[in-house]
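Reader: Please take me through this model step by step, stating each cut-off where it is first needed.

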Amino acid sequence: MEVLILPDPAAVAVAAADRLAAAVAKKPDLVLGLPTGRTPLPFYDELAARYQRGELDLSQVPFFHLDELALPPDHPASFATYRDRHAGARIGLDPQRGDIPRGDVPDLVAEAQRYEAALAAAGGLDLAVLGIGEDGHVAYNLPGPVHEETHVVRLPDSLAAQLGVTPPLSAITLGLRALREARQVVILATGASKQRAVWALLEGPEDPQWPCSLLRGHGGLTVVLDVAAGR
Ligand code: PGA
(Lines give C-alpha, C1' and ligand atoms only; values in the text may rest on other atoms or scores of the structure.)
Protein backbone atom coordinates (compact mmCIF):
# COMPACT_ATOMS: atom_id res chain seq x y z
CA MET A 1 0.00 0.00 0.00
CA GLU A 2 1.21 3.44 -0.90
CA VAL A 3 -0.05 6.37 1.19
CA LEU A 4 0.35 9.96 0.04
CA ILE A 5 -0.49 12.83 2.38
CA LEU A 6 -0.64 16.06 0.42
CA PRO A 7 -1.28 19.68 1.38
CA ASP A 8 -4.78 20.14 -0.01
CA PRO A 9 -7.58 18.69 -2.19
CA ALA A 10 -6.05 20.23 -5.34
CA ALA A 11 -2.83 18.30 -4.77
CA VAL A 12 -4.87 15.12 -4.15
CA ALA A 13 -6.60 15.66 -7.50
CA VAL A 14 -3.29 16.09 -9.32
CA ALA A 15 -1.80 12.96 -7.74
CA ALA A 16 -4.87 10.89 -8.62
CA ALA A 17 -4.88 12.24 -12.19
CA ASP A 18 -1.16 11.37 -12.43
CA ARG A 19 -1.96 7.78 -11.38
CA LEU A 20 -4.68 7.49 -14.00
CA ALA A 21 -2.53 9.10 -16.72
CA ALA A 22 0.35 6.71 -15.98
CA ALA A 23 -1.95 3.68 -16.09
CA VAL A 24 -3.54 4.79 -19.38
CA ALA A 25 -0.10 5.44 -20.88
CA LYS A 26 0.69 1.78 -20.21
CA LYS A 27 -2.70 0.44 -21.25
CA PRO A 28 -4.80 2.86 -23.36
CA ASP A 29 -7.88 0.63 -23.13
CA LEU A 30 -7.80 -0.12 -19.43
CA VAL A 31 -11.14 -0.73 -17.73
CA LEU A 32 -11.85 2.15 -15.35
CA GLY A 33 -14.16 2.35 -12.35
CA LEU A 34 -15.34 5.87 -11.51
CA PRO A 35 -16.67 7.44 -8.32
CA THR A 36 -19.33 10.01 -7.52
CA GLY A 37 -19.45 12.48 -4.64
CA ARG A 38 -17.83 15.74 -3.62
CA THR A 39 -14.34 14.34 -3.11
CA PRO A 40 -13.67 13.45 -6.78
CA LEU A 41 -14.83 16.83 -8.17
CA PRO A 42 -11.32 18.39 -8.23
CA PHE A 43 -10.03 15.13 -9.77
CA TYR A 44 -12.55 15.42 -12.62
CA ASP A 45 -11.67 19.12 -13.04
CA GLU A 46 -8.00 18.17 -13.32
CA LEU A 47 -8.78 15.47 -15.90
CA ALA A 48 -10.93 17.91 -17.90
CA ALA A 49 -8.10 20.46 -17.93
CA ARG A 50 -5.58 17.86 -19.11
CA TYR A 51 -8.00 16.65 -21.78
CA GLN A 52 -8.55 20.21 -23.03
CA ARG A 53 -4.79 20.78 -23.19
CA GLY A 54 -4.46 17.60 -25.26
CA GLU A 55 -2.42 15.89 -22.54
CA LEU A 56 -4.78 13.04 -21.73
CA ASP A 57 -6.52 10.59 -24.07
CA LEU A 58 -9.23 8.45 -22.46
CA SER A 59 -11.01 7.77 -25.74
CA GLN A 60 -10.24 4.03 -25.70
CA VAL A 61 -11.16 3.48 -22.04
CA PRO A 62 -14.19 1.34 -21.16
CA PHE A 63 -15.63 2.74 -17.94
CA PHE A 64 -18.07 1.68 -15.28
CA HIS A 65 -19.55 3.92 -12.64
CA LEU A 66 -19.33 2.34 -9.20
CA ASP A 67 -22.95 2.94 -8.31
CA GLU A 68 -26.21 4.65 -9.24
CA LEU A 69 -29.26 5.81 -7.32
CA ALA A 70 -32.72 4.37 -7.94
CA LEU A 71 -33.74 7.49 -9.83
CA PRO A 72 -34.41 8.25 -13.50
CA PRO A 73 -31.12 9.07 -15.28
CA ASP A 74 -32.28 12.62 -15.96
CA HIS A 75 -33.07 13.30 -12.27
CA PRO A 76 -30.83 16.14 -11.03
CA ALA A 77 -29.45 13.95 -8.22
CA SER A 78 -28.77 10.85 -10.34
CA PHE A 79 -25.20 9.77 -10.88
CA ALA A 80 -25.85 9.76 -14.64
CA THR A 81 -26.50 13.50 -14.30
CA TYR A 82 -23.30 13.83 -12.21
CA ARG A 83 -21.40 11.89 -14.88
CA ASP A 84 -22.63 14.17 -17.65
CA ARG A 85 -21.82 17.30 -15.67
CA HIS A 86 -18.43 16.37 -14.24
CA ALA A 87 -16.97 13.35 -16.03
CA GLY A 88 -18.02 11.55 -19.24
CA ALA A 89 -17.30 13.41 -22.47
CA ARG A 90 -16.02 16.38 -20.42
CA ILE A 91 -12.89 14.38 -19.57
CA GLY A 92 -12.64 12.79 -23.00
CA LEU A 93 -14.37 9.48 -22.33
CA ASP A 94 -16.33 7.96 -25.21
CA PRO A 95 -19.97 7.64 -24.04
CA GLN A 96 -20.30 4.49 -26.17
CA ARG A 97 -17.74 2.75 -23.95
CA GLY A 98 -19.43 3.66 -20.65
CA ASP A 99 -21.91 1.81 -18.49
CA ILE A 100 -23.88 2.79 -15.41
CA PRO A 101 -26.76 0.94 -13.74
CA ARG A 102 -30.24 2.08 -14.75
CA GLY A 103 -31.91 3.40 -11.63
CA ASP A 104 -35.45 3.60 -12.95
CA VAL A 105 -36.13 0.01 -14.00
CA PRO A 106 -38.90 -2.01 -12.32
CA ASP A 107 -36.50 -4.82 -11.38
CA LEU A 108 -33.39 -3.34 -9.75
CA VAL A 109 -32.09 -6.79 -8.79
CA ALA A 110 -32.11 -7.88 -12.44
CA GLU A 111 -30.33 -4.64 -13.36
CA ALA A 112 -27.68 -5.33 -10.70
CA GLN A 113 -27.15 -8.77 -12.22
CA ARG A 114 -26.86 -7.25 -15.70
CA TYR A 115 -24.25 -4.80 -14.44
CA GLU A 116 -22.24 -7.52 -12.70
CA ALA A 117 -22.24 -9.53 -15.95
CA ALA A 118 -21.28 -6.50 -18.06
CA LEU A 119 -18.26 -5.80 -15.86
CA ALA A 120 -17.26 -9.47 -15.90
CA ALA A 121 -17.54 -9.51 -19.73
CA ALA A 122 -15.17 -6.51 -19.82
CA GLY A 123 -12.67 -8.49 -17.71
CA GLY A 124 -13.18 -6.60 -14.45
CA LEU A 125 -11.66 -3.28 -13.44
CA ASP A 126 -8.04 -2.45 -14.18
CA LEU A 127 -8.20 0.72 -12.12
CA ALA A 128 -10.86 1.74 -9.59
CA VAL A 129 -10.86 5.29 -8.24
CA LEU A 130 -12.87 5.51 -5.02
CA GLY A 131 -13.93 7.98 -2.39
CA ILE A 132 -14.83 6.85 1.11
CA GLY A 133 -17.84 7.84 3.14
CA GLU A 134 -17.56 9.21 6.67
CA ASP A 135 -18.97 5.85 7.78
CA GLY A 136 -16.29 4.00 5.80
CA HIS A 137 -18.47 3.01 2.85
CA VAL A 138 -16.76 2.30 -0.48
CA ALA A 139 -18.99 2.65 -3.53
CA TYR A 140 -22.27 1.93 -1.66
CA ASN A 141 -20.93 -1.03 0.28
CA LEU A 142 -22.30 0.13 3.60
CA PRO A 143 -21.32 -0.91 7.14
CA GLY A 144 -22.74 -4.34 7.91
CA PRO A 145 -22.83 -7.71 6.18
CA VAL A 146 -20.47 -7.93 3.21
CA HIS A 147 -22.00 -8.24 -0.26
CA GLU A 148 -19.48 -9.56 -2.74
CA GLU A 149 -21.61 -9.01 -5.84
CA THR A 150 -23.31 -6.01 -7.41
CA HIS A 151 -26.40 -5.48 -5.32
CA VAL A 152 -29.32 -3.23 -4.41
CA VAL A 153 -28.98 -1.34 -1.15
CA ARG A 154 -31.38 0.85 0.81
CA LEU A 155 -29.44 3.97 1.71
CA PRO A 156 -29.63 5.41 5.23
CA ASP A 157 -31.91 8.45 5.34
CA SER A 158 -28.91 10.61 6.26
CA LEU A 159 -27.20 9.70 2.98
CA ALA A 160 -30.39 10.37 1.00
CA ALA A 161 -30.66 13.78 2.68
CA GLN A 162 -27.00 14.51 1.89
CA LEU A 163 -27.83 13.79 -1.77
CA GLY A 164 -30.86 16.08 -1.63
CA VAL A 165 -33.34 13.23 -2.16
CA THR A 166 -36.36 12.52 0.04
CA PRO A 167 -36.08 9.00 1.51
CA PRO A 168 -36.62 6.15 0.95
CA LEU A 169 -33.79 5.92 -1.54
CA SER A 170 -32.09 2.80 -2.87
CA ALA A 171 -29.01 2.38 -5.03
CA ILE A 172 -27.26 -0.23 -7.12
CA THR A 173 -23.60 -0.65 -6.27
CA LEU A 174 -20.71 -2.80 -7.32
CA GLY A 175 -19.93 -5.25 -4.55
CA LEU A 176 -16.73 -5.65 -2.62
CA ARG A 177 -15.34 -8.31 -4.92
CA ALA A 178 -15.25 -6.02 -7.97
CA LEU A 179 -13.24 -3.52 -5.91
CA ARG A 180 -10.93 -6.13 -4.39
CA GLU A 181 -10.32 -7.71 -7.80
CA ALA A 182 -9.49 -4.40 -9.49
CA ARG A 183 -5.85 -4.57 -10.55
CA GLN A 184 -5.19 -1.12 -9.09
CA VAL A 185 -7.22 0.86 -6.55
CA VAL A 186 -6.81 4.56 -5.79
CA ILE A 187 -8.72 5.83 -2.75
CA LEU A 188 -9.17 9.58 -2.29
CA ALA A 189 -10.12 11.26 0.98
CA THR A 190 -10.09 14.93 1.86
CA GLY A 191 -11.27 16.94 4.84
CA ALA A 192 -11.37 16.36 8.59
CA SER A 193 -14.74 14.57 8.43
CA LYS A 194 -12.97 11.57 6.86
CA GLN A 195 -10.37 11.11 9.62
CA ARG A 196 -12.19 8.24 11.35
CA ALA A 197 -12.73 6.38 8.06
CA VAL A 198 -9.10 6.96 7.06
CA TRP A 199 -7.96 5.50 10.37
CA ALA A 200 -10.16 2.45 9.73
CA LEU A 201 -8.70 2.12 6.24
CA LEU A 202 -5.05 2.45 7.26
CA GLU A 203 -4.83 1.19 10.82
CA GLY A 204 -8.03 -0.25 12.23
CA PRO A 205 -8.95 -3.92 12.34
CA GLU A 206 -10.44 -5.40 9.19
CA ASP A 207 -14.08 -4.90 10.08
CA PRO A 208 -17.25 -5.10 7.95
CA GLN A 209 -18.55 -2.18 10.03
CA TRP A 210 -15.86 -0.12 8.26
CA PRO A 211 -16.03 -1.48 4.68
CA CYS A 212 -13.00 0.54 3.57
CA SER A 213 -10.86 -1.52 5.98
CA LEU A 214 -11.59 -4.62 3.89
CA LEU A 215 -9.56 -3.15 1.01
CA ARG A 216 -6.41 -2.69 3.09
CA GLY A 217 -4.85 -5.97 2.00
CA HIS A 218 -5.12 -5.04 -1.67
CA GLY A 219 -1.71 -5.33 -3.31
CA GLY A 220 -2.25 -2.44 -5.72
CA LEU A 221 -3.72 0.10 -3.32
CA THR A 222 -2.79 3.79 -3.30
CA VAL A 223 -4.40 6.06 -0.69
CA VAL A 224 -4.25 9.75 -1.47
CA LEU A 225 -5.14 12.09 1.42
CA ASP A 226 -4.98 15.74 2.21
CA VAL A 227 -3.51 16.73 5.58
CA ALA A 228 -6.96 17.33 7.06
CA ALA A 229 -8.06 13.75 6.36
CA GLY A 230 -4.69 12.18 7.13
CA ARG A 231 -3.76 13.69 10.45
P1 PGA B 1 -18.19 12.40 -0.63
O2 PGA B 1 -18.78 10.95 -0.68
O3 PGA B 1 -17.01 12.41 -1.56
O4 PGA B 1 -19.30 13.27 -1.14
O5 PGA B 1 -17.81 12.67 0.78
C6 PGA B 1 -17.92 9.90 -0.43
C7 PGA B 1 -18.53 8.62 -0.93
O8 PGA B 1 -19.75 8.46 -0.80
O9 PGA B 1 -17.78 7.79 -1.45
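**Backbone, helix and cores**

Reader: Is Ala139 buried or exposed, and what is its relative accessible area?
Author: Ala139 is buried (under 20% relative accessible area, where over 50% is exposed and anything in between partly exposed, with a 1.4 Å probe and protein chains only). This is a predicted model, in which local features need pLDDT of at least 70 and side-chain atom pairs pLDDT 80 or more, while totals for chains, interfaces and linings use all residues. Residues are numbered from 1 along each chain as its sequence is written, and side-chain values use heavy atoms, without hydrogens and water. For Ala139, the relative accessible area is 8%.

Reader: What is the phi of Ala139?
Author: Ala139 lies in the loop between β6 and β7 (151-154), where helices (H or I, at least four residues) and strands (E, at least two) are DSSP runs numbered from the N terminus. Most residues other than glycine have a negative phi. Ala139 has a positive phi, near 45 degrees.

Reader: Which peptide bond is cis?
Author: Most peptide bonds are trans. In the loop between α5 and β8 (170-173), where Pro168 is placed, there is a cis bond with omega near 0 degrees, running from Pro167 to Pro168.

Reader: Which residues of α1 are buried?
Author: Helix α1, residues 9-26, has 18 residues and reaches 26 Å from its first C-alpha to its last, close to the 26 Å expected (1.5 Å times one less than the number of residues). Its buried residues are covered, through contacts (heavy atoms within 4.5 Å), by elements including β1 (2-6), β2 (32-34), α2 (41-52) and β10 (221-226). The buried residues of α1 are Val12, Ala13, Ala15, Ala16, Ala17, Arg19, Leu20, Ala23 and Val24.

Reader: Which element supplies the largest share of the largest nonpolar core?
Author: A nonpolar core is a set of buried Ala, Val, Leu, Ile, Met, Phe, Trp, Tyr and Cys residues joined through side-chain atoms within 4.5 Å. The largest has 31 residues, of which Leu125, Leu130, Ile132, Val138, Leu179 and Ile187 touch the most other members. At least two residues of this core come from each of α4 (108-121), β6, α6 (176-180), β9, α7 (195-202) and β10. The largest share, 4 residues, is supplied by α7.

Reader: How many residues are in the second, separate core?
Author: Leaving aside residues up to four places away in sequence, Ile132 touches His137, Val138, Ile187, Leu188, Ala189, Lys194, Ala197, Val198 and Cys212. The second, separate core includes Ala16, Ala48, Leu56 and Leu58, and its size is 29 residues.
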